[in-house]
Amino acid sequence: MIKTSFLPCKVLKFPWAKVEGSRQLKCKGPRMELTLVQPDVWHLHLRDGELLQAVVPHSANHFGRAIVMPNLKPPVTTTAAAVTHRESILKALPAGSNFNPLMTLYLTDTTSPDEIKLARSSKVVFAVKLYPAGATTNSQDGVIDLFGKCLPALEQMVEHNMPLLVHGEVTDPSVDAFDHEKVFIDTVLHPLIQRLPKLKVVMGHITTMDAIRFAESCEEGFVAATHTPQHLLPNRNALFQGGLQPHNYCLPVLKREIHRQAIVSAVTSGSKRFSLGIDSAPLERRRKECPCGCADIYNALVALALYAKVFEEVGALDKLEAFTSLTGPEFYGLPRNTSKIKLIKTSWNVPESFSFSFGDIIPMFADETLEWQASFL
């Protein structure tokens, strides 16, 4: 629902971290508002230890549920490890939070069919994540032999209707970095779906028109895709403007403008194939701003504001709720959330950083002004 109303606006406070930036999170002025079923996030990194405790409130304050990625050190390869990680997340939540982490297993060449059965029966694990070995952060323990050693586990996933979440990039050093996704689709994903047509697959954080076309060509309800703010707003020029920009570096890497436009068109079309997956992945500043900086972008604080910006710019705010709140639960066979949130059209400034005892985290769009702000009803 979209309406215009006059509401008081307050300075937003974050007691769990020191917020840096001269303007911090001030907002001003009454604006249009949207009322949405509370969104879920179908691709999220929460890390562990101090980093988990630092960042989980940002996600818990906006989203009802989250598919939590398993690429920790060591990775979450068993149901028992997933249960333990979930307990750590619940302990780190703000008081009174109803945030529900939906856990995943990290697929390896040794994942057994019995582990898939155990995961499905646990009511804690909702999917299995495929990382090609070496493709992204903490993927060194990932899959090498998908069509050989992993096949029994994949067949068990079909039997138990367990989705496979895919980081869709090849790691062959002879393939251009900007073609990793397209080549993965052609050489891995398409053959996989031909071999196991009833395997439910989520293509994570897709970045190319090739991925859009492939998702749209597959049977609806079996292949879906998630989309991040960082692949909907900037293109690959953002990596180099004014010098190398480490806080715009993520994997899959940003692509050409023609691909960005194709993704925006698909996401804002109202298609049931596409849903919200922010891929928010916190790293300390020192791991980003260094001679060999890590991929990953931290966007949990700003994601909903940025999605609203994208949909508003193409005149599709009436389709925002389906993308943020409805298509994901339908794909996973889960009920919609009963709670609601508001997105208020009012200016606020993103902090320059969040400071913790272990270091600083730089959010996406740091020290910039955004035009939408989320709040609970």
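This is a guided tour of a predicted model, moving from the whole chain to single residues that can be selected one after another.

**The whole chain**

Begin with the full protein chain in a cartoon view, where eleven helices and 16 strands can be traced. The radius of gyration is 20 Å, close to the 21 Å that the globule rule gives for 377 residues, so the chain is as compact as a globular protein of that length. Oriented along its principal axes, the chain has C-alpha atoms that fill a box of roughly 60 × 45 × 45 Å. If you colour by accessibility, buried residues account for 58% of the 377 residues. Switching to a surface view, the accessible surface comes to about 15600 Å², and 52% of that surface belongs to carbon and sulfur atoms.

Two further properties of the chain are worth keeping in mind before zooming in. Of the contacts between residues at least 6 apart in sequence, 75% join residues at least 24 apart. For the charges, the mean position of the 39 positive ones and that of the 38 negative ones lie 6 Å from each other.

**Helix α7 and Pro229**

Next, select residues 229-232, which form helix α7, and centre the view on Pro229 within this helix. Pro229 is buried, its relative accessible area being 1%. Which residues, beyond those up to four places away in sequence, does Pro229 touch? Showing side chains around Pro229 brings up Pro234, Ile278, Asn299, Ala303, Leu306, Tyr307 and Met364. Of these partners, Met364 can be picked for a distance label: Pro229 and Met364 are 135 residues apart in sequence, while their C-alpha atoms are 9.2 Å apart in space.

**Helix α10**

Three of the contacts of Pro229, namely Ala303, Leu306 and Tyr307, lead to helix α10, so residues 303-313 are the next selection. Eight of the eleven residues of α10 are buried, and the helix is therefore largely enclosed by the rest of the structure. To see this residue by residue, highlight the buried set, which consists of Ala303, Leu304, Ala305, Leu306, Tyr307, Ala308, Val310 and Phe311. Following the chain beyond α10 brings you to Gly315, whose phi is positive, near 70°.

**The loop between α7 and α8**

Return to α7 and select Asn235, which sits in the loop between α7 and α8, the latter spanning residues 257-267. Is Asn235 buried or exposed? With a relative accessibility of 15%, Asn235 counts as buried, because the cut-off for that class is under 20%. Apart from neighbours within four places in sequence, Asn235 is in contact with Leu254, Lys255, Arg256, Glu257 and Arg260. A distance label between the C-alpha atoms of Asn235 and Leu254 gives 5.5 Å, although 19 residues separate the pair along the chain.

While this loop between α7 and α8 is on screen, select Pro252, which is also found there. The peptide bond from Leu251 to Pro252 is cis, with omega near 0°.

**A second cis peptide bond**

For another cis peptide bond, move to Lys73 and Pro74, where omega is about -5°. Pro74 is placed in the loop that runs between β6, residues 65-68, and α2, residues 79-92.

**Two residues with positive phi**

Now select Arg47, which is not a glycine and yet has a positive phi of about 60°. Arg47 lies in the loop between β5 (41-44) and α1 (49-60), and, at 9% relative accessibility, it counts as buried.

Then select Asp367, another residue that is not a glycine but has a positive phi of about 60°. Asp367 is found between β15 (359-361) and β16 (369-376), in the loop joining them, and is partly exposed, with a relative accessible area of 28%.

**The cysteines**

As a last stop, display the cysteine sulfur atoms; a search of the whole structure finds zero disulfides. Cys292 is in no disulfide, and the nearest cysteine sulfur, that of Cys290, is 6.5 Å away. Cys292 is exposed, with a relative accessible area of 66%. Cys294 is likewise in no disulfide, its nearest cysteine sulfur being that of Cys290 at 6.0 Å. Cys294 is partly exposed, with a relative accessible area of 23%.

Note on methods:
Residues are numbered from 1 along each chain as its sequence is written. This is a predicted model: local features need pLDDT of at least 70, side-chain atom pairs count only at pLDDT 80 or more; totals for chains, interfaces and linings use all residues. Side-chain values use heavy atoms; hydrogens and water are left out. Helices (H or I, at least four residues) and strands (E, at least two) are DSSP runs, numbered from the N terminus. Buried means under 20% relative accessible area, exposed over 50%, partly exposed in between (1.4 Å probe, protein chains only). Contact means heavy atoms within 4.5 Å. The radius of gyration is taken over C-alpha atoms; the globule rule is 2.2 Å times the number of residues to the power 0.38. Accessible areas come from the Shrake-Rupley method with a 1.4 Å probe; for residues, only the protein chains shown count as cover. Lys and Arg count as positive and Asp and Glu as negative; His and the chain ends are not counted. The place of a charge is taken as NZ of Lys, CZ of Arg, CG of Asp or CD of Glu. A disulfide is a pair of cysteine sulfur atoms within 2.5 Å.
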